[in-house]
Amino acid sequence: MFQINENYLQLGESYLFSTIARKVEQFSASHPGVDIIRLGIGDVTLPISPVVISALHRSVDEMGVKEHFRGYGPEQGYAFLREAIAEIDFQKRGIGISPAEIFVSDGSKSDTGNIGDILGEGNVVAITDPVYPVYLDTTLMRIGKTDKIRLLCCSEENGFLPELPQERVDIVYLCYPNNPTGTVMTREQLTWWVDWALENESLILFDAAYEAFIRDESIPRSIYEIEGARGCAIEFRSFSKSAGFTGLRCSYTVVPHELRVATANGVEVSLHHLWNRRQSTKFNGTPYVIQRAAEAVYSPQGQQEMQAMIDSYMQNAALIRQGLSESGFTFFGGEHSPYIWLKCPDGLDSWQFFDRLLEVCHVVGTPGAGFGSSGEGYFRLTAFNNAERTAEAIGRIAQLSSTR
Ligand code: MLT
């Protein structure tokens, strides 16, 4: 009889955001007409910016003209986009990343999950707790529940920043600005991690999907701002939250040429080569029209429109912070991140608070426990709804707390 990958049986029953979507759907079906406000999954609500829409129209039209017909594109992404990324996201900020080190893809969810394909199963993998569920779920899918997974507790006590591992760790996933806690890592803290990785010949998988929300220039937006990081880190970036591409799907991963590792028999191998080999075998590239849309984000108008969107979401974050503060909640994040991480009131656990918020306030958030056991007792709100709905949601939550 054939066999399945039994590691899948060790996963939770369903993916966190699928579970939430199902619960909300059930509530909605049994409470028709109820006005539900969604501050749960980090999905954007502002319309896609005009310059991106124009680029989409233009490139769709191009595809209808025979001379411009685009078939399979380069698996790594078109040069026009890789060059724009290298120039605007890195070189203009003084970071030496070349277009050849950039791999365009359809989302950081895919890339942070797929990166394990090029990594050995014997690695000890450290994952922060709480965490964006994809890192842990995909590691479990690959190696199963073994003693090779180390959870790095991120709590109020340590400012939601993991401590450097005291025992051998080969690979660590870091995400800053952090999903879900909304906290950031300073240059000094990120330098400790890079130095640790270089010293231990470990690899950092750095998810910078939320870098565009950083409001303070002293906080690193890329791990490659830190000396030596090209030799120990892969960085993941996304257009989803920064440019409203959750539905369009575009992201990229940086694999520097310096990233090399010796095999068991001493042969030196480039991770760039391996990822290129993986992508060209398993991926046929992000659609041409989507890459043209992403390219438009790098035009002067695109940069302005993107900044306006981010500013608008960050105003919502400020609204949430202010409302929670007035209602006496303890909370974190929301200053350099679209996520606000609050402590559940009245001793409720995070799923109980989820139910109360949904049933009484008709507001959806994300229970901290869904991000890992250290998230128990906490709750995540996103700033991605519009200002009016965000204000309404916060008003409802304030009423809930005034009647406690
Ligand atoms: C989140 O809400 O954590 C994100 O939107 C999920 C994702 O980016 O896949």
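Helix H2 (residues 50–63) packs against helix H8 (residues 288–297): their axes come within 8 Å and cross at roughly 145 degrees. The crossing of H2 over H8 is right-handed. This is a predicted model.

**The H2–H8 contact**

H2 brings Val51, Val52, Ala55, Leu56, Ser59, Val60, Glu62 and Met63 to the contact. H8 answers with Tyr288, Val289, Ile290, Arg292, Ala293, Ala296 and Val297. By class, the residues of this contact divide into 12 nonpolar, 1 polar and 2 charged.

**The two sides of H2**

H2 has 14 residues. From its first C-alpha to its last, H2 reaches 20 Å, close to the 20 Å expected at 1.5 Å a residue. Which residues of H2 are buried? They are Val51, Val52, Ala55, Leu56 and Ser59. Seen down the axis of H2, the buried residues fall within an arc of 140 degrees, so they line one face of the helix. An α-helix has 3.6 residues a turn, so residues three or four places apart point the same way. Pro50, His57, Arg58 and Asp61 are exposed on the other side of H2. The cover over the buried residues of H2 includes H8 and helix H9 (300–326).

**Backbone features in the loops**

Two cis peptide bonds precede prolines, and two residues other than glycine have positive phi. The table sets out the angles.

| Site | Backbone feature | Angle |
|---|---|---|
| Tyr176 to Pro177 | cis peptide bond | omega near -5 degrees |
| Asn179 to Pro180 | cis peptide bond | omega about 20 degrees |
| Phe160 | positive phi, not a glycine | phi about 60 degrees |
| Glu201 | positive phi, not a glycine | phi about 55 degrees |

Where do the cis prolines sit? Pro177 is in the loop between strand S5 (171–175) and helix H6 (187–200). Pro180 is also in the loop between S5 and H6.

The positive-phi residues lie in other loops. Phe160 is found between strand S4 (149–153) and S5. Glu201 lies in the loop between H6 and strand S6 (203–207).

Is Phe160 buried or exposed? Phe160 has a relative accessible area of 2%, under the 20% cut-off, so it counts as buried. Glu201 has 73% relative accessibility, over the 50% cut-off, so Glu201 counts as exposed. Thus Phe160 combines positive phi with a buried position, whereas Glu201 combines positive phi with an exposed one.

Notes: Residues are numbered from 1 along each chain as its sequence is written. This is a predicted model: local features need pLDDT of at least 70, side-chain atom pairs count only at pLDDT 80 or more; totals for chains, interfaces and linings use all residues. Side-chain values use heavy atoms; hydrogens and water are left out. Axes are lines fitted to C-alpha atoms, for helices over the stretch in contact, and angles run from 0 to 180 degrees between N-to-C directions. Helices (H or I, at least four residues) and strands (E, at least two) are DSSP runs, numbered from the N terminus. A crossing is left-handed if the near helix is turned anticlockwise from the far one by less than a right angle, and right-handed if clockwise. Contact means heavy atoms within 4.5 Å. Ala, Val, Leu, Ile, Met, Phe, Trp, Tyr, Cys and Pro count as nonpolar, Asp, Glu, Lys and Arg as charged, and the others, Gly among them, as polar. The expected span of a helix is 1.5 Å times one less than its number of residues. Buried means under 20% relative accessible area, exposed over 50%, partly exposed in between (1.4 Å probe, protein chains only). The arc is that of the directions from the helix axis to the C-beta atoms.
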